[in-house]
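Please walk me through this structure step by step, in connected prose, for someone who is looking at it without prior acquaintance.

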Amino acid sequence: MATIVLIEDETALQRTLAAALKDAGHTVVTASDGAAGLALAREHKPDAVILDLILPKMDGFSVLEALKKDKTTAHIPVVVLTNLEGPEDVERVVGLGATTYLVKANYDLSDVVNKVEEVLPRAQ
Amino acid sequence: MLHKLNVRAVCREEFNVSVWRCPTFLFIVMGVATITGAVASSLFATQYADDPGVAALASLVVAAIIFTLGHIVIQSLTRILEASRMKSKFLNIISHQLLTPLTAMKWSLNALETDGIASDPKEREDIYRIFKENNLRMVNIINTLLDISRIDVGKVQLRPEPFDIAAYTKTAIAMHADDCAKKTCTMTFAPDDDIPPVFADPARLRIVIDNLIDNAVKYSRENAAIVVALKKDGGTVTFAVTDTGIGIPQHEHRHIFSKFSRASNVFPVEGKGLGMGLFLAKFIIEASGGTINFESREGVGSKFWFSLPAYTRSSS
């Protein structure tokens, strides 16, 4: 099963999504701010990163940019999970190299787990 | 149709502004001024047919008056457009602020429907707590919105009574201790001895104290030092919270107590917030007979304080 780094500052969302991913058999490493999340992704080289956009210390856009610029992490699929739904945000995130863009409120927990599993290298 | 002729009503109902700020009324004034000006210019031109300089001067004065009125009309339109822009911004902020607790509640329910999670008592208890906390968060957001709309229509009723501000400040600091600890910041409480109660609406004053402490914690950086002080000075009690946070850019100082105002440097640090806290705080403190103010430097920190009359027997 996969290792996933989950970068989400909302404790409630981090907690529930981590529980669902673990229940699906994955190993989940969590961070509550952008800088810590980026460090965890570099350390663990996970199979996927789930990334919120509005984050303390370093926002999701900067984390995504840093992940894609770093040769050792550029290949890791990034699922952006946010409640920002402006077309300019989607465009920017896709331009920076995110694999999927999900608006949190539109998905059930199981749908998010499925979407993340779809981007795992093994499933491709 | 006839209703449309009542300009005062049109200004109030359609634009929600007084007649002197209302484009419809100002446009009529401009029309009257233009016609009067044209007639006056024509009379001057006839009267001073031998002296074109006077007629030209009269036309110039009329043109200047019409130009000024035109400028006032444009200003009133700009203000109305700005209000409309603020409404869109407000809807955007509110939607985002409501989506987060709603998602948390939906995912909590999803988690409780997942056998692997629900069968673990510790997990189950945690998820129930998350559900309740986010429900409360939504209720608080809606209550804040209701208060704001009551302020807009002038219908807020404060119920002042003696309030032990020192005891509540202590409680509020304890409530924010976890958030502060997460950022490894320290919060010190420095009250004068024997702080007397103040005379204010307890529910509303709690909101002000919570907001000010919450802002100090939210906008602090790692290892920041926050000091909450209470001072008595004659018949006044002053509450102050000083942080070493991100501060507020100088050019945004004058908007900081306005509705939906959030400093431009908050977003990378903190996504939560309605931009309502300081607007509400200013209203509540001033409606309670007090004053509120702040000083701040971007990158250095902020100090917010308010003063309220101490409670005496004559207060009530």
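In chain A of this predicted model, 60% of the contacts between residues with a separation of 6 or more are made by residues 24 or more positions apart. The chain holds 5 helices and 5 strands, and, read from the N terminus on, these elements follow the order β-α-β-α-β-α-β-α-β-α. Of the 124 residues in chain A, 56% are buried, while the area that chain A exposes comes to about 5,100 Å², with 49% of it supplied by carbon and sulfur atoms.

From burial one may turn to the nonpolar cores. In soluble globular proteins, nonpolar side chains tend to be buried together. The largest nonpolar core here has 51 residues, and those with the most contacts inside it are B:Ile165, B:Leu205, B:Ile209, B:Phe239 and B:Phe306. Helix α8 of chain B, residues 202-218, gives this core its largest share, namely 7 residues. Apart from this core lies another one, of 29 residues, which includes A:Leu17, A:Val28, A:Leu81 and A:Val112.

For a view of the largest core from one of its residues, consider B:Ile209, which, when residues up to four places away in sequence are not counted, touches B:Phe163, B:Ile165, B:Tyr168, B:Thr169, B:Ala172, B:Phe239 and B:Phe306. Among these partners, B:Ile165, B:Phe239 and B:Phe306 are also named with B:Ile209 as residues with the most contacts inside the core.

Elsewhere in chain B there is a pair of packed helices to follow. Two packed helices are described by the angle between their axes and the distance between the axes. Helix α2 of chain B, residues 23-47, and helix α3 of chain B, residues 52-112, pack at an angle of about 175°, and their axes are 9 Å apart. Because angles over 145 degrees count as roughly antiparallel, α2(B) is described as roughly antiparallel to α3(B). The contact of α2(B) with α3(B) has 18 nonpolar and 6 polar residues, and no charged residues.

A last stop is B:Ser258, which lies in the loop between β5 (236-243) and α9 (277-287) of chain B. Is this residue buried, exposed, or partly exposed? With a relative accessible area of 30%, B:Ser258 is partly exposed, because that class lies between under 20% for buried and over 50% for exposed. Leaving aside residues up to four places away in sequence, B:Ser258 touches B:Gly275 and B:Phe279. B:Ser258 and B:Gly277, for their part, are 19 residues apart in sequence, and in space they are 9.5 Å apart, C-alpha to C-alpha.

How values were computed. Residues numbered from 1 in each chain as written. Chains lettered and ligands numbered in written order. Predicted model: local features only at pLDDT ≥ 70, side-chain atom pairs only at ≥ 80, totals over all residues. Heavy atoms only, no water. Axes fitted to C-alpha atoms, helices over the stretch in contact; angles between N-to-C directions. Helix = DSSP H or I, 4+ residues; strand = E, 2+ residues; numbered from the N terminus. Parallel < 35°, antiparallel > 145°, perpendicular 65-115°, else oblique. Nonpolar A, V, L, I, M, F, W, Y, C, P; charged D, E, K, R; others polar. Buried < 20%, exposed > 50% of the residue type's maximum accessible area, 1.4 Å probe, protein only. Contact = heavy atoms within 4.5 Å. Areas by Shrake-Rupley, 256 points an atom, 1.4 Å probe, with all protein chains shown as cover. Core = buried A, V, L, I, M, F, W, Y, C linked by side-chain atoms within 4.5 Å.
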